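Hi there,

Here is the structure we talked about, ready for you to open and turn around on your screen. Have a look first, and then read on for what turned up in it.

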Amino acid sequence: MNQRLSAICTLILFGICLILALPPAKRDRDTDRRAEAGSRVHLIHADRLYFDDRVSLTAQFLVGNVQFSHEGTLMYCDSAMYYEASNSFDAFGNVRMVQGDTLSLDGDVLYYNGIDQLARVRYNVVLRHRETTLYTDSLDYDKLFGLGYFFEGGRLVDQDNELTSDWGEYMPSTREAVFNYNVKLVNPQPPAPPRTTLVSDTLHYNTGTGIAHIVGPSNIDHGDNHIYSESGYYDSKNERSYLLQRSILSNKGKQLVGDSVTWSNLDNEGWAFGNVVYEDAVNKNMLTGNYCYYNDSTGYCEATDSAVAIDYSQRDTMYVHADTFKVFTYNKDTDSTYRILHGYHHLRAYSKDIQAVCDSMVYNSQDSCLTMYKDPILWQVEQQLLGEEIKAFFNDSTIDSVHVLRQALSVERVDSIHYNQVAGHEMRSYFIGGDPHLTTTRGNVFVNYYPFDDDSVMIEMNHTETTLLKLYMKDRKVDRIWMPAATGTMYPIPLIPQNMLYLENFAWFDYIRPLDKDDIFEWRPKKAGTELKKSIQRTAPKQKLSDIRKKTKE
């Protein structure tokens with residue numbers, strides 16, 4: 001009994017081992033057959049089918065209205081060689097693949113492999129997907145990943161653009177295209193005249209959104225506007241560019257650069273952020289800052305956040321900082337174009353020859369006048385000029401004259417204690433070749449002046465009061481003085497009264513003066529008690545409407 005039971009168990013164990021020894025294909029034959037049947041290339045129709053052993057031992061020759069089906073894709077051609085064993089075929093003449101109702105692929109020749117689901121289409125290839133059409137001579141389409149790629153030049157056309165390149169790929173499911181080598185995007189597509197042209201070496205493009213992703217050196221041209229960028233996006237539908245990595249926007253000698261730049265072709269306006277540089281090479285000036293806005297249609301420009309206006313039209317470059325700069329253009333695109341520059345607040349300016357501080361300023365290119373408002377101070381070498389308002393006039397970017405209005409004060413440092421001082425209601429200085437020539441002071445003029453003898457020794461102080469003073473300069477030194485009737489006193493240097501050393505409104509603001517082009521960012525206010533007196537500007541009394549009605553009734 002035990003021997004019989006042992007024999008039965010041995011047979012059962014041997015049977016199990018035989019079953020396990022079979023290959024997986026044998027064990028899951030039914031399942032694999034279903035999967036294989038679902039992945040087979042099916043011949044649906046052909047007008048004629050024959051074999052020709054002289055040409056191929058494995059191919060079936062199909063002629064006339066040939067139709068295949070594989071994984072939901074229908075394929076048509078005039079003739080084909082069908083390799084049933086390898087689940088593939090070669091199709092010739094009027095080749096067409098149709099996948100759903102959104103994708104079709106046409107060509108002259110098709111090599112199709114059903115195992116890896118790769119279709120290789122050659123000659124006069126046209127891929128159509130929704131509103132997008134791709135033309136090429138060689139295209140491989142991977143059905144498994146839904147990706148088509150060409151490598152012998154291609155042209156993609158959608159509703160808005162035409163793109164050409166040497167190599168590229170297109171994925172219908174995401175509508176993403178990647179183009180490489182000699183890429184060119186034209187908007188709108190020919191035959192319409194192009195408004196925008198983008199040339200690049202690598203470009204990603206979405207046919208659904210019309211957005212091109214710039215990932216390499218690229219040039220975009222739109223009329224007179226030119227953009228160079230190595231990273232960013234171009235929205236072809238809205239004609240708007242979003243640019244990164246110090247992209248450059250240029251137009252007729254003007255250039256805008258920033259860490260990021262946004263430009264709208266439709267509105268002709270742009271925004272730049274981070275280390276912005278706006279340069280006008282024609283007029284030789286610049287605006288820098290961390291934010292800049294520019295509108296080419298109106299000629300308006302604005303810069304803020306560490307904003308600096310730079311004028312390098314002369315040998316001595318001028319650097320001006322303010323919280324905000326705004327440029328307005330008038331009579332644009334005419335022979336009488338002029339611009340007005342506004343700068344406010346905490347304005348500080350530096351050049352080697354001239355430094356200035358004020359709350360705000362306005363420069364008008366029409367009359368070349370620069371006006372400084374609210375506590376303006378102007379320095380030139382050892383001379384300080386201040387008042388309630390200062391106007392500087394230029395001729396070809398060279399200073400021509402300066403007009404100080406109300407509470408005018410001119411101070412020239414002689415040494416650490418003694419200062420030449422002139423105070424009056426208003427003051428005008430005239431320059432020749434940038435050097436001071438004549439200064440006139442009017443209205444309650446007070447003068448403290450220290451003359452020198454032939455040995456350059458200071459001998460006395462001359463205190464004078466008059467109504468008009470004219471100082472003639474030569475080599476930046478006083479050459480002669482003219483005034484009408486005046487009263488004055490001469491004090492020997494050791495006998496100058498302490499209360500006569502300085503005029504009533506004397507102030508020396510050397511601690512405010514900008515020291516270099518980097519110091520313009522450091523705002524230093526006046527010390528308490530050194531501000532100008534408040535000036536009351538009287539105006540004619542205004543008549544009220546109620547008073548007119550009252551008189552009419554009377």
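Let me start with a small puzzle: is Glu162 buried or exposed? Glu162 is buried, because its relative accessible area is 14% and the cut-off for buried is under 20%. Please keep in mind throughout that this is a predicted model.

**Salt bridges**

Glu162 has a partner: its side chain meets that of Arg155 in a salt bridge, with 3.3 Å from N to O. Arg155 itself is partly exposed, at 31% relative accessibility. So this salt bridge joins a buried Glu162 to a partly exposed Arg155.

The search of the whole structure turned up 18 salt bridges. Another of them pairs Asp519 with Arg348, at 3.2 Å from N to O. Asp519 sits in the loop between strand E36 (487-492) and helix H4 (545-553), while Arg348 belongs to strand E25 (residues 338-350), so this pair ties together parts that are 171 residues apart in sequence. Both Asp519 and Arg348 are buried; for Asp519 the relative accessibility is 11%. Asp519 also meets the side chain of Arg524 in a salt bridge, here with 2.8 Å from N to O. If you would like a group to look at, Glu388, Glu389, Lys391 and Arg406 are linked in a network of salt bridges.

**Cysteines**

You may be wondering how many disulfides the structure holds. The number is zero. Take Cys301, which is in no disulfide: the nearest cysteine sulfur belongs to Cys292 and is 3.7 Å away. A disulfide here needs the two sulfur atoms within 2.5 Å, so a pair at 3.7 Å does not count as one. Cys301 is buried, with a relative accessible area of 2%. Cys358 is buried too, at 1% relative accessibility.

**Aromatic rings**

There are 17 aromatic pairs in the whole structure. Ring pairs link Phe68, Tyr82, Phe89 and Tyr112 into a cluster, which you can pick out by selecting those four residues.

Two tyrosine rings have a charge sitting over them. The charged end of Arg480 is placed over the ring of Tyr472, at 3.9 Å from the ring centre. In the other case, the charged end of Lys527 sits over the ring of Tyr511, with 4.7 Å to the centre.

**A nonpolar patch, and strand E19**

Which residues make the nonpolar surface patch of about 250 Å²? They are Ile211, Tyr233 and Tyr242. Tyr242 lies in strand E19 (residues 240-251) and is partly exposed, with a relative accessible area of 36%.

Ser250 is found in strand E19 as well. Ser250 is partly exposed, its relative accessible area being 21%. Ser250 and Asn225 are 25 residues apart in sequence, yet their C-alpha atoms are 5.9 Å apart in space.

**Backbone details**

Some spots in the backbone deserve a look of their own. As background, most peptide bonds are trans, and most residues other than glycine have a negative phi.

- Pro190 and Pro191 are joined by a cis peptide bond, with omega at about 10 degrees. Pro191 is placed in the loop between strand E13 (176-187) and strand E14 (196-206).
- Tyr344 and His345 are also joined by a cis peptide bond, and omega is about -10 degrees. His345 lies in strand E25.
- His346 has a phi near 55 degrees, a positive value in a residue other than glycine. His346 is in strand E25 and is partly exposed, with a relative accessible area of 33%.
- Asp305 has a positive phi of about 60 degrees, although it is not a glycine. Asp305 is in strand E23 (residues 300-311) and counts as partly exposed at 44% relative accessibility.

Strand E25 comes up several times in this tour: it holds Arg348, the partner of Asp519, along with His345 and His346.

Enjoy exploring it, and write back whenever you like.

Warm wishes

How values were computed
Residues numbered from 1 in each chain as written. Predicted model: local features only at pLDDT ≥ 70, side-chain atom pairs only at ≥ 80, totals over all residues. Heavy atoms only, no water. Phe/Tyr/Trp six-rings, centres within 6.5 Å; stacked < 30°, edge-to-face > 60°. Lys NZ or Arg CZ within 6 Å of the ring centre and 35° of its normal. Buried < 20%, exposed > 50% of the residue type's maximum accessible area, 1.4 Å probe, protein only. Patch = residues over 30% accessible without salt bridge, like charges linked within 9 Å, V, L, I, M, F, W, Y side chains within 5 Å. Areas by Shrake-Rupley, 256 points an atom, 1.4 Å probe, with all protein chains shown as cover. Salt bridge = Lys/Arg side-chain N within 4 Å of Asp/Glu carboxyl O. Helix = DSSP H or I, 4+ residues; strand = E, 2+ residues; numbered from the N terminus.
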